[in-house]
Amino acid sequence: MAAKTPTPKARALGVALRKARESRDVGVRELARQIGDDAGALSRYEKGERALKPEKASQILGALGINGSEYQAIMALTHDTEGPLWVAVSLPEQQHQADALLEFEDKASRIILVGASLIPGLLQTRNYTEAIMKSNDDVPSSEIRTRVAVRLGRQTVLGRAKPVVLDALMGEGVLDQLIGTSAGMIEQLNWLLEIGERENVSIRVMPKMGGWHPGLEGMFDLIESELMPVVQLDTRRSSLFLHEEQDVDSYRRAVEQASRVAMSPADSAGLIAEHIKRWESK
């Protein structure tokens, strides 16, 4: 019988345990000795490859001296790790989900971004990202710098030695939606033209007159990763991971539908250049 593929939540639990161990400067072998387990099993826990019961997680955290809110946040991940979806509502769990997203993007071979409302995070400039964060009342001012740094840090997957293939399908409306200042929009659109010239990046615009497409239902990321294919979605108060085959296939079909509406990369670049001129004339 084939082993179960680790779910995104199981992987996030493993990442949280690994980071907790490393923050205490404790090696895998040393921690395994303390909890009476072998290093190989502990390594599999940290990769999400082995089922981890709450009792074992509690033992690991206790050996590391972790308590309080950090303990509670990690223990919350031990529940329903085999569920068909992972909805993160609380801030601590959303942070763990963000860590899992970084893992999936780091191991990704291809990322497809679809949406009609905003330029995707992997293509945003610092000024564009800051403008979003500063306008969002739910983002504390003390966290803006860190959140911006994290979002921009994710973009390293586009320029690494073996860069991820990125396909971005964005609505035409993002080109004339003011986020921040006119100067910031000019900078952002110029960046789209520049990064769109890379061999591993394809930017296609879904025109306003193109009719209905799945991107109008909301933004989503389809990540084809060596870990497993996943779909990531954000709402106002929560974020969501989907990993079951039927769900991922549904979003693959959504990508195909959006692609039929989208302009070619060359025509999209021409439209972006036109919008840059409009911003410059304002």
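Here is a short walk through a few side chains of this structure and the neighbours they meet. Keep in mind that you are looking at a predicted model.

Let's start with charged side chains. Side chains of opposite charge can pair when their charged atoms come close. In this model, the count of such salt bridges comes to 17. A good one to find is the pair Arg18 and Glu22, whose side chains meet with 3.8 Å from N to O. Both residues sit in helix α1, which runs over residues 8-23, and because they are 4 residues apart there, about one helical turn separates them. How open are these two to the outside? Arg18 is partly exposed, with a relative accessible area of 25%, and Glu22 is partly exposed too, at 46%.

Arg18 has another partner. It also forms a salt bridge with Glu103, and here the closest N and O atoms are 3.7 Å apart. Arg18 belongs to helix α1 while Glu103 belongs to helix α6, so this pair ties together parts that lie 85 residues apart in sequence. Glu103 is partly exposed, with a relative accessible area of 25%.

Next, look at Asp106 and Lys107. These two form a salt bridge as well, with their closest N and O atoms 3.4 Å apart. Asp106 counts as partly exposed at 42% relative accessibility, and Lys107 counts as partly exposed at 28%. Returning to Arg18, we can now put its pairs together: salt bridges with shared partners join Arg18, Glu22 and Glu103 into one network.

Now let's turn to strand β6, made of residues 230-234, where you will find Gln232. Is Gln232 buried or exposed? Its relative accessibility is 8%, and because buried means under 20%, Gln232 counts as buried. Which residues does Gln232 touch, leaving aside those up to four places away in sequence? They are Leu101, Phe220, Asp221, Ser239, Leu240 and Phe241. The side chain of Gln232 is also joined to that of Asp234 by a polar contact of 3.1 Å.

Our last stop is on the surface. There, Leu85, Val87 and Val89 form a nonpolar patch, and together they have about 240 Å² of accessible area. Where in the chain is Val89 placed? Val89 is in the loop between β1 (85-88) and α6 (91-106). Val89 has 55% relative accessibility, and because exposed means over 50%, Val89 counts as exposed. Try finding Val89 and then Gln232 in the model: Val89 is exposed, whereas Gln232 is buried.

Definitions and conventions:
Residues are numbered from 1 along each chain as its sequence is written. This is a predicted model: local features need pLDDT of at least 70, side-chain atom pairs count only at pLDDT 80 or more; totals for chains, interfaces and linings use all residues. Side-chain values use heavy atoms; hydrogens and water are left out. Patches are made of residues with over 30% relative accessible area and no salt bridge: like charges are joined within 9 Å, nonpolar side chains (Val, Leu, Ile, Met, Phe, Trp, Tyr) within 5 Å. Accessible areas come from the Shrake-Rupley method with a 1.4 Å probe; for residues, only the protein chains shown count as cover. A salt bridge is a side-chain nitrogen of Lys or Arg within 4 Å of a carboxyl oxygen of Asp or Glu. Helices (H or I, at least four residues) and strands (E, at least two) are DSSP runs, numbered from the N terminus. Buried means under 20% relative accessible area, exposed over 50%, partly exposed in between (1.4 Å probe, protein chains only). A polar contact is a pair of N or O atoms within 3.5 Å; within protein, one must be able to donate a hydrogen and the other to accept it, and residues adjacent in sequence count only if both atoms are side-chain atoms. Contact means heavy atoms within 4.5 Å.
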